[in-house]
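Me: I am new to reading protein structures, and I would like to go through one slowly with you. Could we take it feature by feature, beginning with the general idea each time?

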Amino acid sequence: MLRVQDLCFWYDTRDLPVLYNTTFALEEGQIVSVVGSSGCGKSTLLQICSGLMHDHISRFPESGHFMTGSVLWKNLPLTGPIREFGYVPQHYSGTLLRGKTALDNVLLAVKEDGISPEERERAESLMTHSGIWEQKDSKIEHLSGGQQQRVAICRALITQPGVVFMDEPFANLDDSLKPGMSRLLRDFMTELHLKLSVLLVTHDKRHAHEISNEIVELTERHGMPSSNVQSMRGPRHD
Amino acid sequence: MTSSRSPHRTAVFGHIVRASHGVFSLVIGLIVAALWESCAVFSPSKYVPTLGTILKTLSRDFLIPLDSVVQGPGSHALWYHILVTLGMWAIGFSIAAFLGVILGFGLGISRTTYLVCLPYVNLLRALPSAVLWPLLIYVVPGDFVPTISLIVFGAMWQMLFMTMRAVQEIPREAFDVTAFMQLSTLQRNVLLAQWCLPGVFAGLEMGASIALLLTVTAEIFNPNMGGLGWYVAVGWNADAGPLAVVRIYGGLLITALLGYAVNGAFSTLQKRVVPGRESQRSSRRLANAVPTIARREIAEVLKTDRVTERLCEEFGGVQLSVLYQNTPYFYPEQTRRLKPYTSEDGTHSLVKPLVEALSVSRFTDSILHKIGRLRDTEQRKDLVQRDVVLRAPDGQPLLFARSWILEGSFPQRIQDLLSEEHLTIGQIVRELESDISYENLGYRDQISDKINDVFQQPGPILLIERMRLIKLRNRPAILIQEYVRP
């Protein structure tokens, strides 16, 4: 579905590349985790794969960012964010609208032609599985960090995307909540039968192993700033 | 050391403190009125009329009938002048708000437009609107249009800048997330606009006051249409009798009350319409009951800007201790191998554990990377680290903040201020008001036993950590990491 081929990326061409000859693929129904040390380009890779970086470069050509290689979505080159993708940023709380309820925030993403009964049902199903349906009428600022994160995830899924990109989904959670989040992602794919693939970035290798079909580790080699790719199979081989 | 005050008692104490503020304000007002009345009664002078005379004249002028007004604005019918002022204010403010918000949004959303237009905007807003008056009456015919033009020109800049800054401060993540939503371009922009409502409303609130000020000023310049400006500055001349000075005082009183009402109305509207307003109110609650405030409320406060400033302003007696500052180290070479350090006189024993607890946190490290990435292509940057503790008047620690400052970003006078020991970062960069923007990077819970010295409590303590970025001309310049104990 999503194929990254020989990707190199420079924030500035006078510097060394942040990503170097990165190649991997994300197939339907898979969860792929990108791991690596701080600053190795994990989030950058996520932004490129989601098309956000393409959008940024086209809007700010003076930024000096430059990339080579290709990102293919269903064998077509990706040129920007598309509606078949969903995105959950690391700092999700800033993306939730204060003063609105949890349900309103989830439904923000589908308001183009009004909200259909199917979309409302889908919201209920997602929020029920996330354990936040009871809080649907609570103002977003009255929810805990973990509950807000679930709202952000439900919002990303309400549009029925093919791929969801998640930046550090465990970073803001207590250790006790992390397994729950792993289960939640799996539940979405199995119990709700979502045709969903997930590309997530995390520094938490242990949880990456628990949740992923495949792990992409960005590594430094021979003094290169980052990121030759080392792929390995996760414990899950569905 | 922990507070011996119970949560309930502290909340009650907070209410009593707030109520006492109102009582004190009233008492001050009554004292001033009594002093005025004493002067007027015991030392009679035509320049100091009694309050009774002022109020009697105002009420009499207020009841002057309509037929005296139709002959022209020379009448002292107060209700007519108030209506004229309010009408001109409403028209001028509406146009200024429309232009200010639309242009501000345009400048904020498009970096190219911002860079191209900013010099001209700065040039124009530097012009005091009053000096345009001769040009306006020379070029524009009539009384109405020059007056409205003066109000619009003077009042729109504040709204334009506040809107522009609010748009620029929309979290980048909000742009990213909305890019994937099933929304049209218009719907997406309307949605994004909701993130900047607090800033826009703050601009409207200020713009409304400025518009009223300019309305009265314009009425002084242009007396043909009447209004409170006429009543205060010209009307007394039309009646050179003993009531002349009384009407000046009365007009000033009415103008002040009108301004107060406009501010109050906008403040109420803001509380109802703007979701973020609640967090600002929470900060007041924090100031009144910090030791027992609910965790959720602290989290709300941490989403606002200038927390330290608010604490300083509202506590009054807040003590500020700058623990450590001014030893530069270089990014990125030394970031990961920072040596524990002590203050020059060796008195700050907590500094070493602080370094261990904070500097090596992955969260911090990633943000330092972010600064390095976003700023420019230089690899080496001089960073100054500055640690500050704010304590309540009773000595209880309220907040610990650590800042990393890209010192070279700032003009020399700001760099000098940064070495002052009695100012917070917010107070220092306030001087650069129009160039500064804040970006909240997030907050999270943190249980730590490394900085319990700071909070004067043994063992692990639960803290809320907040990271934020201060940008100078849209470039990261200061990273602040703050800890508040819920």
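Me: What percentage of the 486 residues of chain B count as buried?

Reply: Before the answer, please keep in mind that this is a predicted model. In chain B, 35% of the 486 residues count as buried, and the chain holds 19 helices and 7 strands. Chain A has 238 residues, of which buried residues make up 46%, and its elements are 7 helices and 10 strands.

Me: How should I read contacts along the sequence, and what percentage of them in each chain join residues at least 24 apart?

Reply: Here one sets aside contacts between residues fewer than 6 apart in sequence and looks at what remains. In chain B, 68% of the contacts between residues at least 6 apart join residues at least 24 apart, and for chain A the corresponding value is 72%.

Me: Where do nonpolar residues gather, and how many residues has the largest nonpolar core?

Reply: The general idea is that in soluble globular proteins nonpolar side chains tend to be buried together. In this model the largest nonpolar core has 117 residues, and those with the most contacts inside it are L199(A) and I151(B). Helix α6 of chain B, residues 144-168, provides the largest share of this core, namely 15 residues. A second, separate core has 21 residues, including I405(B), F410(B), I470(B) and L479(B).

Me: Which residues does L199(A) touch, if I leave out those up to four places away in sequence?

Reply: With those left out, L199(A) touches L26(A), V32(A), V34(A), L46(A), C49(A), V163(A) and F165(A).

Me: How do I describe a single helix such as α6(B), and at which residue does α6(B) bend?

Reply: One can look at its span, its bend and its cover in turn. The 25 residues of α6(B) reach 36 Å from the first C-alpha to the last, which is close to the 36 Å expected at 1.5 Å a residue. There is a bend of about 35° at M156(B), and α6(B) is mostly covered, with 22 of its 25 residues buried.

Me: How do I read two helices that meet, and at what angle do the axes of α2 and α12 of chain B cross?

Reply: Two packed helices are described by the angle between their axes and the distance between the axes. For helix α2 (residues 51-62) and helix α12 (residues 244-273) of chain B, the axes come within 9 Å and cross at roughly 75°. Angles from 65 to 115 degrees count as roughly perpendicular, and α2(B) and α12(B) are therefore roughly perpendicular to each other. On the side of α2(B) the contact is made by T53(B), I54(B), T57(B) and L58(B), while α12(B) contributes V246(B), R247(B), Y249(B), G250(B), L253(B) and I254(B). Among the buried residues of α12(B) are V246(B), Y249(B) and I254(B). As for its span, α12(B) has 30 residues and reaches 43 Å from its first C-alpha to its last, close to the 44 Å expected.

Me: What covers the buried residues of α7(B)?

Reply: The buried residues of this helix, which runs over residues 172-179 of chain B, are E173(B), A174(B), D176(B), V177(B) and T178(B). Their cover includes α2 (52-59) and β6 (85-88) of chain A, together with α8 (185-193) of chain B.

Me: Is M181(B), in the loop between α7 and α8 of chain B, buried or exposed?

Reply: A residue is buried if 20 or more other C-beta atoms lie within 10 Å of its own. M181(B) has 23 other C-beta atoms within 10 Å, and so it is buried. Not counting residues up to four places away in sequence, M181(B) touches L108(A), A109(A), T159(A) and R188(B).

Me: Which value does phi take in K74(A), and is K74(A) buried or exposed?

Reply: Phi of K74(A) is near 50°, a positive value in a residue other than glycine. K74(A) lies in the loop between β4 (66-73) and β5 (76-77) of chain A, and it is exposed, because it has 10 other C-beta atoms within 10 Å. Q160(A), which is not a glycine either, has a positive phi of about 55°. Its loop is the one between α5 (145-157) and β7 (163-167) of chain A, and with 15 C-beta neighbours inside 10 Å, Q160(A) counts as partly exposed.

Conventions. Residues numbered from 1 in each chain as written. Chains lettered and ligands numbered in written order. Predicted model: local features only at pLDDT ≥ 70, side-chain atom pairs only at ≥ 80, totals over all residues. Helix = DSSP H or I, 4+ residues; strand = E, 2+ residues; numbered from the N terminus. Buried ≥ 20, exposed ≤ 12 C-beta atoms within 10 Å, placed from the backbone. Contact = placed C-beta atoms within 7 Å. Core = buried A, V, L, I, M, F, W, Y, C linked by C-beta atoms within 7 Å. Expected span 1.5 Å × (residues − 1). Bend = angle between axes of the 7 residues up to and from the residue. Axes fitted to C-alpha atoms, helices over the stretch in contact; angles between N-to-C directions. Parallel < 35°, antiparallel > 145°, perpendicular 65-115°, else oblique.
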